[in-house]
Structure formats: C-alpha cells, structure tokens
Amino acid sequence: MPATPSTMIALGTAMPSFDLPVTNAGPYERVASADLAENPVLVMFICNHCPFVKHICHELAKLGNEYAASALQIIAINSNDITTHPDDAPDKMAQEAASAGYTFPYAFDESQQIAHAFGAACTPDFFLYDANHSLAYRGQLDGSRPNNGIPVTGEDLRAAINAVLAGKAAAAAQIPSIGCNIKWKPGNEPD
C-alpha cells in the first residue's frame with residue numbers, strides 16, 4: 001500500500017482558522033476555531049476508508065475519552081473528495097464515528113481549503129496546538145503501521161499532549177505521520 005508522509009510544517013505555526021459542519025451526532029452542528037480560544041487543540045485529518053486510519057481508529061476513540069475532562073479540544077476533519085471516495089461521505093462519516101466510538105467532532109472539509117491551510121498531506125495527519133494556538137507537535141500517533149507488528153499505543157502523540165497540557169514543550173524530535181494521501185479534487189492538489 002503506498003504511503004504518504006506528513007509535511008512537518010514549522011513548529012510555532014499559528015493554527016489556521018476554520019468553521020466546518022460536524023457530521024456525527026452530539027452537541028455540535030459546526031466546529032469553529034473561534035470557539036476554541038485559550039484551549040489546546042488537537043486537529044486530526046482522518047477519513048473512513050484509509051487502512052492506516054482503520055488501524056488506529058480505536059486508539060483515536062480512546063484518546064477522545066481519555067482527554068474529555070481536560071482542557072484539550074479534539075477535532076477530526078475529513079477532507080477527501082467524496083466523488084472518487086464515496087465511503088468518506090458525511091452520512092458515512094457519522095456511521096464511522098458511531099462505530100469507532102468517536103466522542104469528538106468529526107467535521108467535513110468539502111472545499112479542501114482547510115486541509116490546504118493546515119498543510120495536511122495524509123490520513124492520519126496530526127496537528128497539536130498549545131493554548132495560544134501555536135503548533136507544538138506534528139507527527140505520528142506512534143510507530144505502529146498496518147502489518148508491521150508494533151502495537152498501537154498512541155505513545156508519541158500522548159506524550160506531546162501531556163507536555164502541552166502541563167505547559168511544557170513537546171519533544172523536539174518528532175517523526176512524521178504516514179498514511180494514505182488526501183484524495184484531492186482535480187486541480188486542488190497541493191503545489
């Protein structure tokens with residue numbers, strides 16, 4: 001299976017603004033960066049069909065539950081072209097969120113502008129921002145990949161989250177996430 005690494009944009013980059021519709025049931029109809037002021041934010045670019053995401057979806061749900069009572073706000077975004085990948089359509093996103101146990105908003109970026117703004121390249125792609133919305137971590141969940149025999153633990157991302165919640169810097173050594181490329185609409189591919 002071909003794999004695409006995350007772009008590893010510069011630490012300290014400001015979180016892009018966004019306002020997106022949420023597909024899964026819950027108290028949210030939309031999720032907007034303006035509503036997340038003074039909170040650390042984890043933005044995860046995921047989708048339904050990607051084998052890399054399927055491999056870790058239960059750990060993502062576990063993270064959502066584990067940090068629900070903390071200041072951390074977790075947002076998942078799907079930016080895939082649903083014309084070519086109908087399994088990633090919003091109605092199927094709601095089903096996937098329920099099946100996986102996601103308690104965080106699972107938003108749909110139909111225009112793909114938000115994926116571009118973040119510099120997202122793959123699914124999964126993780127962006128952790130501190131309370132000032134400055135990028136503190138971009139990298140892998142952990143070293144597990146489909147069929148590599150390493151257990152899914154979330155240790156890399158969890159360590160970064162715990163550092164940010166403690167007001168500290170995440171480890172400087174960060175390993176890119178690897179996954180399926182975002183399914184760009186024709187003409188929307190990054191430069």
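Here are three short exercises, with worked solutions, on a predicted model.

**Exercise 1.** Find which strands stand at the edges of the five-stranded open sheet.

*Solution.* Start with the strand order, which is 6-5-4-8-9, with mixed pairing. Next, look at the two ends of that order: strand 6 (106-108) and strand 9 (135-139) each have a single partner strand, so one side of each is left without a neighbour in the sheet. To finish the picture, neighbouring strands are turned by 20° against each other on average, direction ignored.

**Exercise 2.** Work out how strand 4 is joined to strand 8.

*Solution.* First take the residue ranges: strand 4 covers 41-45 and strand 8 covers 125-129. The two run antiparallel, and five bridges join them. Now pick one residue to follow across: Leu-42 has Leu-128 as its bridge partner. While you are at the sheet, turn to helix 2 (residues 90-100), which packs on it and touches strand 5 (73-78) and strand 6.

**Exercise 3.** Identify the residues that form a salt-bridge network, and say whether each is buried or partly exposed.

*Solution.* Begin with Arg-158 in helix 4 (residues 155-165) and Glu-59 in helix 1 (residues 51-66), 99 residues apart; their side chains meet in a salt bridge at 2.9 Å, N to O. Then add the salt bridge from Arg-158 to Glu-66, where the closest N and O atoms are also 2.9 Å apart. Glu-66 lies in helix 1, so this pair ties together parts that are 92 residues apart in sequence. Together, Glu-59, Glu-66 and Arg-158 make the network. Finally, apply the cut-off of under 20% for buried: Glu-59 at 8% is buried, Arg-158 at 14% is buried, and Glu-66 at 40% is partly exposed.

Note on methods. Residues are numbered from 1 along each chain as its sequence is written. This is a predicted model: local features need pLDDT of at least 70, side-chain atom pairs count only at pLDDT 80 or more; totals for chains, interfaces and linings use all residues. Side-chain values use heavy atoms; hydrogens and water are left out. Two strands pair if DSSP finds at least two bridges between them. Helices (H or I, at least four residues) and strands (E, at least two) are DSSP runs, numbered from the N terminus. Axes are lines fitted to C-alpha atoms, for helices over the stretch in contact, and angles run from 0 to 180 degrees between N-to-C directions. Contact means heavy atoms within 4.5 Å. A salt bridge is a side-chain nitrogen of Lys or Arg within 4 Å of a carboxyl oxygen of Asp or Glu. Buried means under 20% relative accessible area, exposed over 50%, partly exposed in between (1.4 Å probe, protein chains only).
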